[in-house]
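Let's take a walk through this structure together. Have the sequence and the 3D view open as you read.

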Amino acid sequence: MEKIIIEGTEIERSEMHPEESLISLEKLDRASPDLWPEQSITKFVAQNSTQNEVPVWATNLTAEDTSQLYQLSNMSVDDIVLEVKKLLDASYKLGLEEAKEMTRGKYLNIFKQK
């Protein structure tokens with residue numbers, strides 16, 4: 001039977017409760033350096049604050065883009081999953097079409113080196 005020593009007392013593992021087997025004997029040094037001095041906190045907050053800033057991706061949106069964003073934001077989870085599946089199907093079909101056109105270009109020697 002495996003024996004362990006906890007705080008100077010030898011105990012067999014079978015006598016221990018499951019919670020007691022999780023005890024860590026590691027001593028942690030609680031003295032920590034000054035990780036967030038006052039000046040760096042204010043600088044960090046100033047750099048990362050979002051004070052009514054428009055995101056970069058939202059600067060050049062057309063009316064159609066805004067309308068589509070509004071539609072997507074009002075969709076249920078199931079509707080979004082269906083929309084993603086439609087996009088995956090469309091991208092797969094586009095990939096097949098591109099592969100067919102590349103093969104056609106090879107047979108026609110369009111990509112011949114000069």
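Which residues form a nonpolar patch on the surface? They are Met102, Leu108, Ile110 and Phe111, and together they have about 440 Å² of accessible area. Pick out Leu108 in that group: this residue sits in the segment after helix H3, which covers 77-107. Leu108 has a relative accessible area of 55%, so it counts as exposed, the cut-off being over 50%.

Before going further, keep in mind that this is a predicted model. The protein chain averages a pLDDT of 77, and 61% of the residues score at least 70. That confidence isn't spread evenly: strand E2 (residues 9-12) has the lowest mean, 61, while H3 has the highest, at 92.

Now for the overall layout. You'll find three helices and two strands in the protein chain. Start at the N terminus and the order of the elements is β-β-α-α-α. How much of the chain is buried? Just 4% of the 114 residues are. As for the outside, the accessible surface of the protein chain adds up to about 11,400 Å², and carbon and sulfur atoms account for 56% of that.

Helix H3 deserves a look of its own. This helix has 31 residues and spans 45 Å from its first C-alpha to its last, close to the 45 Å expected at 1.5 Å a residue. After H3 comes Asn109, which has a positive phi, near 60 degrees.

H3 also holds a charged pair. Which residue forms a salt bridge with Arg104? The partner is Glu101, and the closest N and O atoms of the two are 3.4 Å apart. That falls within the 4 Å limit, so the pair qualifies as a salt bridge. The count for the model comes to one salt bridge. Why can these two side chains pair up along the helix? Arg104 and Glu101 are three residues apart in H3, so about one helical turn separates them. In general, an α-helix has 3.6 residues a turn, so residues three or four places apart point the same way. Glu101 itself is partly exposed, with 39% relative accessibility.

Note on methods
Residues are numbered from 1 along each chain as its sequence is written. This is a predicted model: local features need pLDDT of at least 70, side-chain atom pairs count only at pLDDT 80 or more; totals for chains, interfaces and linings use all residues. Side-chain values use heavy atoms; hydrogens and water are left out. Patches are made of residues with over 30% relative accessible area and no salt bridge: like charges are joined within 9 Å, nonpolar side chains (Val, Leu, Ile, Met, Phe, Trp, Tyr) within 5 Å. Accessible areas come from the Shrake-Rupley method with a 1.4 Å probe; for residues, only the protein chains shown count as cover. A salt bridge is a side-chain nitrogen of Lys or Arg within 4 Å of a carboxyl oxygen of Asp or Glu. Helices (H or I, at least four residues) and strands (E, at least two) are DSSP runs, numbered from the N terminus. Buried means under 20% relative accessible area, exposed over 50%, partly exposed in between (1.4 Å probe, protein chains only). pLDDT is the predictor's confidence in each residue, from 0 to 100. The expected span of a helix is 1.5 Å times one less than its number of residues.
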